[in-house]
Amino acid sequence: MAPALNAENELLKDLNEPQKEAVLHGDGPLLVLSGAGSGKTRVITRRVAHLVQVRGVYPWRILAVTFTNKAAREMRERLVQLLGPQAHELVVSTFHSSSSMILRRVLRDPTVGADKSLEAVTGGLTPSFVIYDDGDQLQLVKRAMREVRVDPIMQPREILHRIDQEKNAARLPDDMVVDSEDLRGMVVQKTYRAYQRLLRAANAVDFGDLLLLLVALFRKRSDVLEQYRRRFQHILVDEFQDTNPVQYELLRLLAPPERRPNLVVVGDDDQSIYRWRGASVDNILGFPEEYVGARVVKLEQNYRSDQTILDAAHAVIARNTRRMPKKLWSDRPKGEHLQLLMNRDERAEAQDVARRIHELQREGFIKYSGMAVFYRTNAQSRVLEEALRLARVPYTLVSGRSFYDRAEVRDAAAYLRLMVNPRSDADLLRIINTPARGIGDTTVERLVDWAQQAGVSLYEATAAPERIPGLNTAAVRRLTGFHAVVSSLHAFAQESKDAASAVDQMLKESHLVESLVTEGSDESLSRAENLREFLGAAQEFDLNRAAAAVAAASLGDEEGEEVPERPPEEESLDDSPLTADVPPLNAFLEQISLVGEADAEVGEGRVALMTLHAAKGLEFDAVFITGMEDGVFPHSRALASEDPDGEEMAEERRLCYVGFTRARKRLFISLAQCRSLFGELRYNPPSRFLREVPQSLFGFAEQELETPVPKSAPMVARKRNWADEDDGPRVDRSYSQTSDMDGVGGDVRGMRVRHEQFGMGRIVSADGNGPNAKVTVEFGGGVGLKRVIARFLMPG
DNA sequence: GGACATATTATTTTT
DNA sequence: TAATATGTCC
């Protein structure tokens, strides 16, 4: 067919051989191993377009999964350019949001609803479930701990983390393997069970459940699974190296290896940097064994960075042992040398960075928007910001707290979820006294106790508060008033045809805006403003939704030639969009819980400041990597881990690789002799990663360095001298000097001390060092043993 | 219920 | 150091 050929040529334009191979790959599994900057996103998009335009695959049979919403949005936009309105029929989204769409749909399936045996899995979850985020989860864990009265040997945070890990590993509470010796494991499991009960009682799921439940349902109901296997005949996954075990399990269910499915996974094992939140590199490393006969295509030509930068990146990453061998190459010029910035402390470092940014801009080759400063931890950003502000360099801090993280917006979201689903206890607890309506801790506590006894949700308990023992008439009256608000909002939500009117109604009836305006402080007024913005977001959401509906509807009747005729035997296949008939308010809620902030505008004409993690997927002409010191980067935690050459260090190294390969032309690596960390002054040796970069890649122009550095052995050799340089920093070294002695500086046991509150006492033991060293003191006056912070003590 | 003091704790962060 | 959590008092 000639038109198809034309389309094909168009789609293969400017692609190199391996890229073409990936786009044109026929049927069966394919692993695209893509080095940094080798155009993988382009390959996925072109392949999707190819499937539709040339191979005539129906768009609704394609599932493209990305890692972030931002990536999904960008891919959708590109596909609309390539395919036109047809692209709206493709499912392009993250694992979580596609799972939630499928999960709602599965739960709506009448045969699933009728299947009582599934209740063990679903816990009675209905399709209108709400999604709980981290904060809600933590509240639930605390309540679960109270309920099951587990030994307080673990912090709620730690338990929650373990629960998340279990879910990431695709384990339901009952699948959890706990050996009877493992006390902590038992605590986790007990809490996990209670936590799941609370979650289900509120008709809620957490992020982990979104995937895990679908996996569990698919395992139980092969007929339902089969429907989705038939529907999604082509599955493409981006950033495969960052998938966790549940996600992989879901993929294996939808695209079982033995059927040689059309599963295309794209990723770079060298850029796997999310192990700490459950991602497993093994997924990508083991893919060829799991999907036997999978084709592997390597994209090794880099289009982004100059050779010098690639050489540096390669020198670092090559030290990792478990990786798929590949080496990036480029036909770009060698480029400029790397530059090493060495400074006294983090302030000098920041000033140096600011100065060089200014110079680069003045030279006129690189614009502010082409530059970025990376750091390992967020705490490092402050000094950098100060220096840039002082140097009048415009910058944007990428990430930071997002709009939906702000307290008032979260309150509003809690109200909305309660509107949809009044059983949501976590949301009710959040806003029962927001704005203040005189329902205090005691009242809430009695309410919670009673509801738990009666086995009803908190909302139901507020229906007739006079039943609750111990409440005075005022409390009863207030609870009744609160119930009236929620029930009226709930009724409104059932009727509302769009999200904005529901949000508007909620803001009025809850008095959220009103109370903030009444308060009248600058801060509360800006909060009120945020709430109006929230309403604006809902309006925008409605508009988009309407537009998408129009686009979808017009597809059918306009020119039919574009849309392939569906064969008769496919009639039974459900091809309706996955979002069909989700009520607008639910859909809006879904969006705000699954989508963080809209855009982290890497601003016009501004230097971007971000963590190395946030840098993934981006590129800049000039990149500054700061804090290149052992203990900062690699992070002290990796250095301290039981196996300092193990997975943790490997991940830091990959992070370094990611950082280096973001740079197109200039790479500046910066370190400081000392920096203060948690109020303590630390002397860190230069990063081991720095030492792994061949010296020849650096240009050491004397005048560019703060302190002259011998051309030979610029890094390691100087390490020892730093601490005793003549013009060294004027610093209070008392902490570092005491640090190797037993905690607080010599043996202090038996010393008499005085504490503001507890009076006189005698030190029994000491632990820790630095300003937060603690001592155990035996106080007189009936106070007894107390562990207090040493600096709050006076010698007595 | 809020103000104040005292204690605690410091990766990375998406969904 | 600095941001937050917890506890105590009125």
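Colleague: Which residues does Ser 457 touch, not counting residues up to four places away in sequence?
Modeller: This is a predicted model, where local features need pLDDT of at least 70, side-chain atom pairs count only at pLDDT 80 or more, and totals for chains, interfaces and linings use all residues; side-chain values use heavy atoms, without hydrogens or water. Residues are numbered from 1 along each chain as its sequence is written, with chains lettered from A and ligands numbered from 1 in the order written. Ser 457 sits in the loop between helix H21 (441-454) and helix H22 (458-461), helices being DSSP runs (H or I, at least four residues) and strands likewise (E, at least two), numbered from the N terminus. Its contacts (heavy atoms within 4.5 Å) beyond that sequence window are Arg 423, Asp 425 and Ala 451.

Colleague: Is Ser 457 buried or exposed?
Modeller: Buried means under 20% relative accessible area, exposed over 50%, and partly exposed in between (1.4 Å probe, protein chains only). The relative accessible area of Ser 457 is 6%, so this residue counts as buried.

Colleague: Which residue has a side chain in polar contact with that of Ser 457?
Modeller: A polar contact is a pair of N or O atoms within 3.5 Å; within protein, one must be able to donate a hydrogen and the other to accept it, and residues adjacent in sequence count only if both atoms are side-chain atoms. At 2.8 Å, the side chain of Ser 457 meets that of Glu 460.

Colleague: Turning to the DNA, which residue has a polar side-chain atom 2.6 Å from a base oxygen of DNA strand B?
Modeller: Of the 26 residues around DNA strand B (a heavy atom within 4 Å), those that come nearest are Asn 69, His 96, Arg 376, Asn 378 and Thr 611. Sugar and phosphate make up 49% of the strand B atoms within 4 Å of the protein. Among the polar approaches, His 635 brings a polar side-chain atom to 3.3 Å from a sugar or linking oxygen, and a polar backbone atom of Ile 439 is 3.4 Å from a phosphate oxygen. The base oxygen is approached at 2.6 Å by Arg 376.

Colleague: How many residues of strand S10 are buried?
Modeller: Strand S10 covers residues 371-375. On one side Met 371, Val 373 and Tyr 375 are buried, and on the other Ala 372 and Phe 374 are too. The buried count for S10 is therefore, by the under-20% cut-off, simply read off as 5 of its 5 residues.

Colleague: What is the bridge partner of Val 373 in S13?
Modeller: S10 runs parallel to strand S13 (residues 620-625), with 4 bridges, and parallel to strand S12 (residues 607-611), also with 4 bridges. Towards S12, Ala 372 stands opposite Ala 608. In S13, Val 373 is matched with Phe 624.

Colleague: Which helix gives the most to the largest nonpolar core?
Modeller: A nonpolar core is a set of buried Ala, Val, Leu, Ile, Met, Phe, Trp, Tyr and Cys residues joined through side-chain atoms within 4.5 Å. The largest one has 76 residues, with Phe 218 and Phe 287 among those with the most contacts inside it. With 9 residues, the top contributor is helix H11.

Colleague: And how many residues of helix H13 are buried?
Modeller: Helix H13 spans residues 245-254, and at its start a side-chain oxygen of Asn 244 reaches to within 3.2 Å of the backbone nitrogen of Val 246. Its buried residues include Tyr 248, Glu 249 and Leu 250. The helix is mostly covered, with a buried count of 8 of its 10 residues.

Methods:
Pairing = 2+ DSSP bridges.
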